[in-house]
Amino acid sequence: MPDKHTQNRLLAHSTPLILALILLTFVAAVALTGDRALARMAAETLVRVTLVVGLWIFVGNSGVISFGHAGYMAIGAYCSAWLTLKPQAKALFLPDLPAWLASAEWHVFPAAIASGLLAAFVALVSGAAILRLSGIAASIATFAFLAIVYTVYSNWEGVTGATSSVVGLTRYVGPWVALAWAVAAIVAANLYANSASGLALRATREDEVAARASGIDQYRHRLLSLVISGFFTGVAGALFGHSLGVLNPDSFYLGITFIALAMLVVGGIGSLSGAVTGVLVLSLLIEALVRLEQGVSIGAAALALPSGAQEILIGVVMILVLILRPAGLTGGAEFRLRARTSRLSFDQEQTTTN
Amino acid sequence: MNTLAQLFFDAASLGGIYAMAALGIALIFGVMNLVNFAHGQYIAFCVFALIVPSTDAVAVVFLGRAPAFLLIPLLLAVGAAAAVASEYAVFRHMRKATPVAMMISSFALGFVIQNALLATYGGRPKAISLWPELNTPVTVIGASVPLLQVIVILTTLIVVAGLALLLKKTRIGLEMRAAAENFTMARLLGVRANVVITGAFALSGALAAAVALIMATQTGVADVRMGGQIMLVAFIATVIGGLGSLPGAVAAGFLIGAASVLLQAYLPLDARPFRDAFLYTLVIVSLLVRPQGLFVPSSAKPRV
């Protein structure tokens, strides 16, 4: 029988298992209904899970709010487009690509990996500068990074198509592909969070000064988590492009930045389970409200929300959640098996977010 | 000389708008550590308060029809009321929440305001003509500038001077400065938290209304998205200036205005579309050089 501490460490790995099961149930339930629109919603939701979990790897562990992740997402999405589009299409829409890229015609999977790696590399370079800052200055610097990526991608005519959309991406991302990547992101996030570096980083989140006094190199751990986070965000960008089939720089600016952060905060920024919960709850809520807006008939009476009500209600719900549960729905706790009773429960090792 | 003067007026008037918006954000940040992302929507709200609610393409001027001496105080009051109401409805219940949670809820509030405006006024930008005669050019020290630019510069100076007087000479101003310095300590010494916070929101909303008036006159358009860009620049100005420092926010606002006008004028033609990328690179560089802000109050040093 291992001692209590080892047991606890081992049980921490039950979190990704539980989260994967929840997502699997979600996809299976959607697949059973056979509804095309629902399947599409499920795929989009799971791409968002990949994105928000990727975001959490950095934000959740370091406590630094990043506005820049939509930038890594854009980098991943366009990279995958450059690698997978047909050479004829690229010659037509993106004439200024270098020759080796213009003739490239990769399979989608290695392209997704390459997109993640490129985003991770950009995260390494940008993070090397930005992460010398902390607190709100770091957040503003990440925002400046996002604005730089956005400006470049929406003006670099021959390489990104600027504001005219890039079309014709293979739409291979269905619920199952997205599920596979979401689970991969969750497993990686959990491995990182429970690694020596992840624990050290969380120590700096709780108290920068005390952590530094204990010999933790904050900069190095933040940079490492940003690189891993950049990888999955880049992959999420590639998946996003291949689920819609169309790319436009506007998709990777403030809208997605705030939705992703809102999902993270509503779910609970302090835990991986919070990230996943936030995405599922808000995505389902948005879907339900969109359907209500289109109108449902209950008995003889047709009921429809006035148009525009969906966005307003989403905003109101977000505010209410934050007022009633400022630490998010999960309050920073993880879903995991408990040592003695071995049943699903909230872990009470509450971590505060700051 | 001629072009230099022209550049100066462009920079000063753009910087003035940024400075006023940055003040609106810095005031609230100072007293309650809230990065208020709804500020841009206060601006949009004030612009739309000028016209009759309808989804038609042609805007019928409503408040905007009042003569200037009535309209200006009225719109400032509308802005202040909107900001105070939002504090009442949302932020009052979040005093104990983390800054991140407050920031996200301010974003959610902005989202609600924006969509409420969309639902009442429709999504298309509308033409409004508010004081069109102000866009006629006048000649000042050899440069031909729209009268409005001169007015913007003067307004900014008056607003900044007025605010400085308010903060230095009145009781509420003193309380606000104390609260910005150290909120807990100020409360212990008898500063009334709710009064100070409500005051900060009212001032911030009035500043948003001033920006709204200027933008509506300058562009002649009412668009739901018009506050967003200004707010982001203002937010950056607040941080570069040194969070919690009001003079810093004003100076940084002018600095960003000047930098963006100069980049626009002197970048090579090919690089000009990428102007913002250069501007934001400068922002990152400035943060790396002075992480606490360019114009730092002594209280900004992190304490252990």
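In this tour a helix is a DSSP run of H or I with at least four residues, and helices are numbered from the N terminus. The model is predicted.

**Before selecting anything**

Colour both chains by pLDDT. Chain A has a mean of 87, with 93% of its residues at 70 or more. For chain B the mean is 84, and 90% of its residues reach 70 or more. The predictor gives the complex an ipTM of 0.84 and a pTM of 0.87.

**Stop 1: H3 of chain A**

Select residues 36-62 of chain A, which form helix H3. From the first C-alpha to the last, the 27 residues of H3(A) reach 39 Å, close to the 39 Å expected at 1.5 Å a residue. Now centre on Trp56(A), where H3(A) bends by about 40°. Show the surroundings: 21 of the 27 residues of H3(A) are buried, so this helix is largely enclosed by the rest of the structure. Step past the end of the helix to Gly63(A), which follows H3(A) and has a positive phi, near 80°.

**Stop 2: H16 of chain A**

Next select residues 309-324 of chain A, helix H16. H16(A) has 16 residues and reaches 22 Å between its first and last C-alpha, close to the 22 Å expected at 1.5 Å a residue. Its buried residues include Ile312(A), Gly315(A), Met318(A), Ile319(A) and Leu322(A). What covers the buried residues of H16(A)? Add helix H14 (254-267) and helix H15 (272-294) of chain A, together with H4 of chain B; the cover includes these three.

**Stop 3: where the chains touch**

Stay with H4 and show the contact between the chains. It takes 34 residues from chain B and 33 residues from chain A. On the chain B side, helices H4 (99-121), H9 (226-241) and H11 (275-289) each supply at least two residues. H4(B) gives the largest share of that side, 13 residues. By type, the chain B side divides into 27 nonpolar, 5 polar and 2 charged residues.

**Stop 4: the largest nonpolar core**

This core has 215 residues. Among the members that touch the most others, pick Val52(A), Val53(A) and Leu264(A) in chain A, and Ala22(B), Cys46(B), Val47(B) and Val211(B) in chain B. Helix H1 (residues 2-32) of chain B contributes the largest share of this core, 18 residues. Centre on Ala22(B). Leaving out residues up to four places away in sequence, Ala22(B) touches, among others, Ala234(B), Ala237(B), Thr238(B), Val250(B) and Gly253(B).

**Stop 5: Gly257 and Asn33 of chain B**

Select Gly257(B), in helix H10 (residues 246-266). Is Gly257(B) buried or exposed? The cut-off for buried is 20 or more other C-beta atoms within 10 Å; Gly257(B) has 22 and is therefore buried. Beyond four places in sequence, the contacts of Gly257(B) are Ala11(B), Leu14(B), Gly15(B) and Tyr18(B).

Then go to Asn33(B), in the loop between H1 and helix H2 (39-48) of chain B. Asn33(B) is not a glycine, yet its phi is positive, about 55°. With 15 C-beta neighbours inside 10 Å, Asn33(B) counts as partly exposed.

**Last stop: confidence by region**

Among the elements of chain B, H2(B) has the highest mean pLDDT, 91, and strand E2 (residues 137-140) the lowest, 74. Finish at residues 341-354 of chain A, where pLDDT stays under 50. The model has 28 contacts beyond four places in sequence for this stretch. Where pLDDT is low, the predicted coordinates should not be read in detail.

Key: Residues numbered from 1 in each chain as written. Chains lettered and ligands numbered in written order. Predicted model: local features only at pLDDT ≥ 70, side-chain atom pairs only at ≥ 80, totals over all residues. Expected span 1.5 Å × (residues − 1). Bend = angle between axes of the 7 residues up to and from the residue. Buried ≥ 20, exposed ≤ 12 C-beta atoms within 10 Å, placed from the backbone. pLDDT = per-residue confidence, 0-100. Contact = placed C-beta atoms within 7 Å. Nonpolar A, V, L, I, M, F, W, Y, C, P; charged D, E, K, R; others polar. Core = buried A, V, L, I, M, F, W, Y, C linked by C-beta atoms within 7 Å.
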